[in-house]
Amino acid sequence: MKYSIIIPVYNRPDEADELLSSLCRQSISDFEVVIVEDGSTLPCKEVADKYASQLNIHYLVKKNGGPGPARNFGVDNASGDYVIILDSDCVLPDGYLAAIDSELTQSPCIAFGGPDAAHESFTPIQKAISYSMTSFFTTGGIRGGKKKGAMDRFFPRSFNMGIKRSVYEALGGFSKMRFGEDIDFSYRIIEAGHSSRLFPEAWVWHKRRTDFRKFFKQVFNSGIARINLEKRHPGTMKLVHMLPMVFTVGVLALVLLFLCGLCMMILAPQFANMGMTGEVGMTQGVGLVICVLSLLPLLLYSTLLLVDSSIKNRSLHVGILSIPAAFVQLMGYGFGFLKAWWLRCVLGKSEFAAFEKNFYD
C-alpha cells in the first residue's frame, strides 16, 4: 500500500460524505482511507459504510482528544508507505492523488503539502473567508500555491499534508497542541533534517468556517498558537507573523482617533463655553479633519480588498464580504497574538496554565 489517507472527524458526517465521494473519483487506486471518529456525538459511521464497496476504508472510534491525537491514532492503524492528512471539510479534485504521485516519482521527498482553493459551490461567505486566508493583501500570500524559492522552507498544514509514515512514527506524530499542532509538527520535521516541499498541483477545495463568528474563533486561536510555537521553537517567528498584531493595534488607534475627532465636533460648543478652546467652528473643523484622516486608511484598504476580491471571485457580493472577512482574519489573529503575548511573555505563564480552556478542554 503506497498511501494511507487519514481523516479525523468531529460531528461532520455531511462533509465526510463529500470528501469520500471525491476520493472515489481519483485515478490512483493504491490507497486506503482511515477515518477517525474523535468522540463525535454525530457520527459518520453510516457515511463510511456507504463507501465500503468503493474504497478500502477503515472506520475507527476514539475518545475526544483533539485533532493531533486523532491523526496519530489513525496513523497507528495505517499501512501505507506515505500518510496523507486531510481535514474533513476538504474536497479533492479528480487529479489530486495523481499530482502527488507524479511529484514523488519525479523528485522524492519526506514531507509535502498542497494549497487550497474555494470551489464554485461554496457559499459567498466561504469564498470570502478563503480569499482572506490566501490573498497577498491579507496574509502576504504565504498560504497560497506558489513555489518557494530555493532558500525557503515549506511547512505543510494539516488540511493537506503528506509525510513518509516511517518518519511520522519516528518523530512521534502530532503533539497535543489544540491549535498550531501542524506547524509544530512541520518544524520538527525540518529540525530533524528532513526535506519538505510544496506540491502546487496537489490542491484541495477547503471549506474552512461557514460564518464569521466561527472564523474569528479559529484565527484567534491561531494567534495564540503563534506565541506558543515561538516558545517551543525559538527563532521561528517572522515579521509576517506579527503583521496582524500591528494591523490590529493600528485599527484600534485609528478608531480611537476617529472618536476623539467626533467628540471635538459634537462637544465644541461646550468646550468653548468652558474656555478650553477657541472658536466653535475651528474646533469642529479640526475634529472633522481628524475624523477623515483616521477613516481614510481603512476606507482605502477596504476598497483595495473589494476590487481585488471581486475580480478574482468574479462576484461583487463576495468582494463586499471579503472586507469583513479580512478584518476578522487579521484582527482575530491579532487579538489572540496579543493575549498570548501578555499571558506567556509578560506574566510568564506556561502553555497549559495560560490556555487550559482554549487548548485542553
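Which residue in S2 does Ile7 stand opposite? Ile7 stands opposite Ile35 in S2. The model described here is predicted.

**Strand S1 and its neighbours**

Strand S1 covers residues 3-9, and strand S2 covers residues 31-38. The two pair in the parallel sense, with 7 bridges between them. From S1 the chain passes through helix H1 (residues 13-23) to reach S2, and this β-α-β crossover is right-handed.

S1 also pairs in the parallel sense with strand S4 (residues 82-86), here over 4 bridges. Within this pairing, Tyr3 stands opposite Tyr82, and Ile5 has Ile84 as its bridge partner. The table lists the pairings of S1.

| Partner of S1 | Sense | Bridges | Opposite residues |
|---|---|---|---|
| S2 (residues 31-38) | parallel | 7 bridges | Ile7 and Ile35 |
| S4 (residues 82-86) | parallel | 4 bridges | Tyr3 and Tyr82 |

Of the 7 residues of S1, 7 are buried, so the strand is largely enclosed by the rest of the structure. Both faces are covered. On one side the buried residues are Tyr3, Ile5, Ile7 and Val9; on the other they are Ser4, Ile6 and Pro8.

**The sheet**

Strands of a sheet pair through backbone hydrogen bonds, in either the parallel or the antiparallel sense. In this model, 7 strands form an open sheet with mixed pairing, in the order S3-S2-S1-S4-S8-S6-S9. Strand S3 (57-62) and strand S9 (196-198) stand at the edges. Each of these has a single partner strand, so one side of S3 and one side of S9 are left without a neighbour in the sheet. From one strand to the next, the twist averages 20°.

**Helices on the sheet**

Helix H1 packs on the sheet and touches S1, S2, S3 and S4. The direction of H1 makes about 165° with that of S1. Helix H4 (residues 96-106) lies across S1, S2, S4, S6 (111-113), S8 (160-164) and S9. H4 runs at about 140° to S4.

**Cysteines**

How many disulfides does the count come to? The count is 0 disulfides, with a disulfide taken as a pair of cysteine sulfur atoms within 2.5 Å. For Cys109, the closest cysteine sulfur is in Cys90, at 19 Å, which is too far for a bond. Cys109 has 5% relative accessibility and therefore counts as buried, whereas Cys345, at 39% relative accessibility, counts as partly exposed.

Methods:
Residues numbered from 1 in each chain as written. Predicted model: local features only at pLDDT ≥ 70, side-chain atom pairs only at ≥ 80, totals over all residues. Heavy atoms only, no water. Buried < 20%, exposed > 50% of the residue type's maximum accessible area, 1.4 Å probe, protein only. Pairing = 2+ DSSP bridges. Right-handed = clockwise from strand over helix to strand, strands pointing away. Axes fitted to C-alpha atoms, helices over the stretch in contact; angles between N-to-C directions. Contact = heavy atoms within 4.5 Å.
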